[in-house]
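Please open the model in a viewer and keep the selection panel at hand. The tour proceeds by selections, each followed by a short account of what is found there.

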Amino acid sequence: MAVAAARFGRQAKRPYWGFCIKMTAVAVMGLCFIFVWTMFTSPSNSVSTRIESFDNIEQPPGSRRSKSSGAQSERKVNGSVALGGHEVKSEEKEKKEEERVKKKLPEKVSKEKQLSKEDEDEEPEVVDGKEEGLDGEGNAEGEGDLIEGVDQEFEEKLEDDGGESEKRGKKIKGPVFDPKAHYHWKSCSTRSKHNYIPCIDIEVGSGRLQQYRHTERSCPRSPPMCLVPLPPDGYDPPVHWPESKEKILYKNVEHPKLAAFIKEHTWVMESGEYLTFPQNQSEIKGGVLHYLESIEEMVPDLEWGKNIRVVLDIGCTDSAFGASLLDKDVLTLSLGLKDDLVDLAQVSLERGFPTVVSPFGNRRLAFPSGVFDVIHCGGCTVPWHSNGGKHLLEMNRILRPGGYFILSSKHDSFEAEEAMNTLMVSICWNILAHKTDEISDVGVKIYKKPDSNDLYTMRRKKHWIPLCKANDNPDAAWYAPVETCLHTIPSGIEERGSEWPEEWPNRLERYPDWLKDKDKLIADTKHWKDIVDKSYLIGLGIDWSSIRNVMDMKAIYGGFAAALLQQKVWVMNVVPVHAPDTLPFIFERGLVGTYHDWCESFGTYPRSYDLLHADHLFSRLKNSCFCRCKQPASIVVEMDRILRPGGWAIIRDKVEILDPLEGILKSLHWDIRMTYAQQKEGILCAQKTTWRP
């Protein structure tokens with residue numbers, strides 16, 4: 001070998017042979033390099049094929065349709081995006097989808113990321129399978145097709161998002177409730193005692209705190225697993241509706257500051273064991289009926305119970321405004337601001353009036369955009385013109401285009417009057433009437449929100465509030481900050497808010513042009529009417545004369561609430577924040593509701609509701625990739641908090657969820673009145689008792 005190498009070296013030194021040998025060596029080395037590169041490097045198009053087909057690996061690469069070749073487009077349901085089928089998403093589309101989720105939950109996403117490290121050691125839980133419901137007679141009839149509807153499409157969207165959902169939250173594996181768990185309950189030891197609202201009341205801190213209420217919603221790091229005690233003198237069954245409009249049991253709402261408040265006002269009086277509310281008495285001198293008549297005279301186009309159905313009343317004082325409008329077929333939702341410590345919102349709920357409790361600071365209220373026909377602020381102390389007018393801009397967001405804002409107050413200062421006028425000009429609200437009543441000495445102003453974008457283009461820049469950016473979602477309400485901008489008015493017939501709803505009661509079953517899947521909604525309405533008429537009203541042993549305040553904990557289209565309309569009850573339709581956004585349609589029907597995350601406590605007082613309805617609520621918690629409930633049993637504790645002693649809960653879900661749930665309710669000393677199961681679906685009806693640990 002050494003001799004051969006030497007001979008080869010001598011040949012290479014010759015000019016001709018040396019050049020040929022060198023070129024041959026370079027060529028061989030180049031071919032070897034190309035061969036090695038080919039073996040260890042995949043072409044770029046193969047990488048993209050793997051990524052695009054990862055969510056459906058049973059199909060061969062390249063078998064999916066591209067967007068240009070006829071893939072399904074995004075469908076909007078009441079302003080939220082829901083994908084039908086399994087749609088291929090490009091990288092850019094996935095980024096847009098992630099941004100859309102962040103816009104809906106701007107602060108909660110960051111909170112979930114902070115909590116994710118704490119959850120790493122906990123075993124996640126899930127329950128699989130499709131829902132098959134029970135009809136009114138207990139027969140399985142594919143309720144999943146009706147009740148899942150939008151939910152199923154929403155879950156498919158999460159499953160097809162290329163794994164992005166798993167980055168934002170964990171799926172739950174295993175049972176929702178631990179079947180081997182044993183529960184030992186204790187009473188909550190808080191400063192608010194029997195009136196404890198976990199996400200609103202301040203219960204931690206060193207030293208003597210000056211405030212008892214959070215200025216913004218702020219929940220404990222861990223959900224409460226204690227039971228709120230009863231009032232000091234106990235709790236008796238509330239006065240039935242409609243007698244409760246005129247009197248309630250004092251001890252059920254007893255509060256030290258309420259006693260002092262009663263002595264200073266004439267619209268509420270203590271009479272033995274009752275608090276009584278004299279008819280037509282209110283904070284307004286001359287009575288609430290005179291007040292309503294003056295409003296009707298000022299704006300004749302404002303027809304209560306016809307073109308005006310859904311009203312928001314800011315602040316809870318005497319509730320006389322909403323009580324009087326009930327007789328006119330107007331549904332008034334009172335917003336208890338929880339900043340006066342008198343707890344008048346609790347009095348309103350005990351009387352049977354629709355009420356929700358919430359701080360009103362720098363965050364949006366938990367309502368969609370453009371849903372209230374009228375917003376009323378009677379003598380409330382909200383500083384509308386301060387902080388850049390953010391409170392009024394929030395009213396502009398939730399007020400329907402062409403809707404009315406009624407403001408009544410006494411003796412505003414000249415500076416406040418000027419600031420308010422300037423603000424109204426900047427948002428293009430037209431003042432329809434301004435009158436000071438001779439009897440009550442109350443100044444009433446009625447404004448109207450624009451119903452088109454024409455006025456926005458004619459504004460003077462001196463009083464100019466900018467229009468919101470195109471990517472600002474007006475329906476994003478959960479922990480979303482109030483933006484100092486104006487959203488444009490919908491103009492196309494296919495856009496929600498471009499037309500005023502039908503007059504009541506036609507709007508309950510007249511579906512607008514912007515709504516898709518009308519057949520599904522009609523079927524859902526019929527479905528719940530059958531269940532309510534054939535089962536809930538006659539088959540569960542519930543005395544419906546004792547039921548007034550009802551909550552649907554996982555509402556979709558408002559079919560359950562519509563079915564109960566003749567029962568003289570009102571229903572709070574709760575749409576979970578991680579479910580498809582169907583709440584705008586619920587308002588469009590002339591019903592009321594709110595957004596909520598059931599991993600947190602609801603914004604209401606203890607013992608607020610007579611009946612809770614939960615249709616597949618718990619089985620949806622396990623499927624949501626956003627679920628961050630550390631202890632699903634805390635939702636049952638929250639149900640115990642907001643339900644009155646003697647109140648009822650109707651829970652429809654999978655048997656594997658209902659079995660351990662029944663054990664939890666028994667540990668709370670609830671009476672299980674009825675259980676029924678067929679195949680994998682079941683229904684549980686339970687009644688809360690007065691037991692406390």
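The stops below pass from a sheet and its helices to the core, the disulfides and the salt bridges.

This is a predicted model, in which local features need pLDDT of at least 70 and side-chain atom pairs count only at pLDDT 80 or more, while totals for chains, interfaces and linings use all residues. Residues are numbered from 1 along each chain as its sequence is written, and side-chain values use heavy atoms, with hydrogens and water left out.

**The sheet**

Select strands β6 to β12. Seven strands form an open sheet here, in the order β8-β7-β6-β9-β10-β12-β11, with mixed pairing. Strands are DSSP runs of E with at least two residues, helices are runs of H or I with at least four, and both are numbered from the N terminus. Two strands are taken to pair if DSSP finds at least two bridges between them. At the edges stand β8 (355-357) and β11 (430-436), each with a single partner strand, so one side of each has no neighbour in the sheet. On average, neighbouring strands are turned by 20° against each other, direction ignored.

Next, select residues 372-378 and 399-409. These are β9 and β10, which run parallel and are joined by six bridges. C377 has L407 of β10 as its bridge partner.

**Two helices across the sheet**

Add residues 288-298, helix α10. This helix lies across β9, β10, β11 and β12 (443-448), at about 45° to β12. Then add residues 414-426, helix α14, which lies across β10, β11 and β12 and runs at about 15° to β12. Axes are lines fitted to C-alpha atoms, for helices over the stretch in contact, and angles run from 0 to 180 degrees between N-to-C directions.

**The nonpolar core**

Select M395 and F405. Of the 128 residues in the largest nonpolar core, these two touch the most other members. A nonpolar core is a set of buried Ala, Val, Leu, Ile, Met, Phe, Trp, Tyr and Cys residues joined through side-chain atoms within 4.5 Å. Buried means under 20% relative accessible area, exposed over 50%, and partly exposed in between (1.4 Å probe, protein chains only).

Which residues are in contact with M395, leaving aside its neighbours within four places in sequence? They are I314, F360, L365, I375, W384, F405 and W429, where contact means heavy atoms within 4.5 Å.

Now select residues 633-642, helix α20, which gives the most to the largest core, with six residues. In α20, 10 of the 10 residues are buried, so the helix is largely enclosed by the rest of the structure. Among the buried residues of α20 are the charged-group carriers of interest for a later stop, including D640.**The disulfides**

A search of the whole structure finds three disulfides, a disulfide being a pair of cysteine sulfur atoms within 2.5 Å.

Select C188 and C226, whose sulfur atoms are 2.0 Å apart in a disulfide. With 95° about the S-S bond, this link of C188 and C226 is right-handed. Both cysteines lie in the loop between α8 (164-168) and β3 (247-249), 38 residues apart. C188 and C226 are both buried.

Move to C199 and C219, also joined by a disulfide (S to S 2.0 Å). The torsion about their S-S bond is about 110°, so the disulfide is right-handed. Is each partner buried or partly exposed? C199 is buried, with a relative accessible area of 2%, whereas C219 is partly exposed at 23%.

Finish with C468 and C485, joined by a disulfide with an S to S distance of 2.0 Å. Both lie in the loop between α15 (454-457) and α16 (518-536), 17 residues apart. C468 counts as buried at 13% relative accessibility, and C485 is buried at 12%.

**The salt bridges**

The count comes to 23 salt bridges, where a salt bridge is a side-chain nitrogen of Lys or Arg within 4 Å of a carboxyl oxygen of Asp or Glu.

Select R644 and D610, which form a salt bridge with their closest N and O atoms 2.8 Å apart. R644 is in strand β17 (residues 643-654) and D610 in strand β16 (residues 609-615), 34 residues apart. R644 counts as buried at 3% relative accessibility, as does D610 at 5%.

Return to helix α20 and select D640 together with R692; their side chains meet in a salt bridge (2.9 Å, N to O). R692 lies in the segment after β19 (681-687), 52 residues from D640. Both D640 and R692 are buried.

Select E662 and K666, whose side chains meet in a salt bridge (3.3 Å, N to O). The two are four residues apart in helix α21 (residues 655-667), so about one helical turn separates E662 and K666. K666 counts as partly exposed, at 48% relative accessibility.

For the last stop, select D373, R400, R507 and E588, which are linked in a network of salt bridges.
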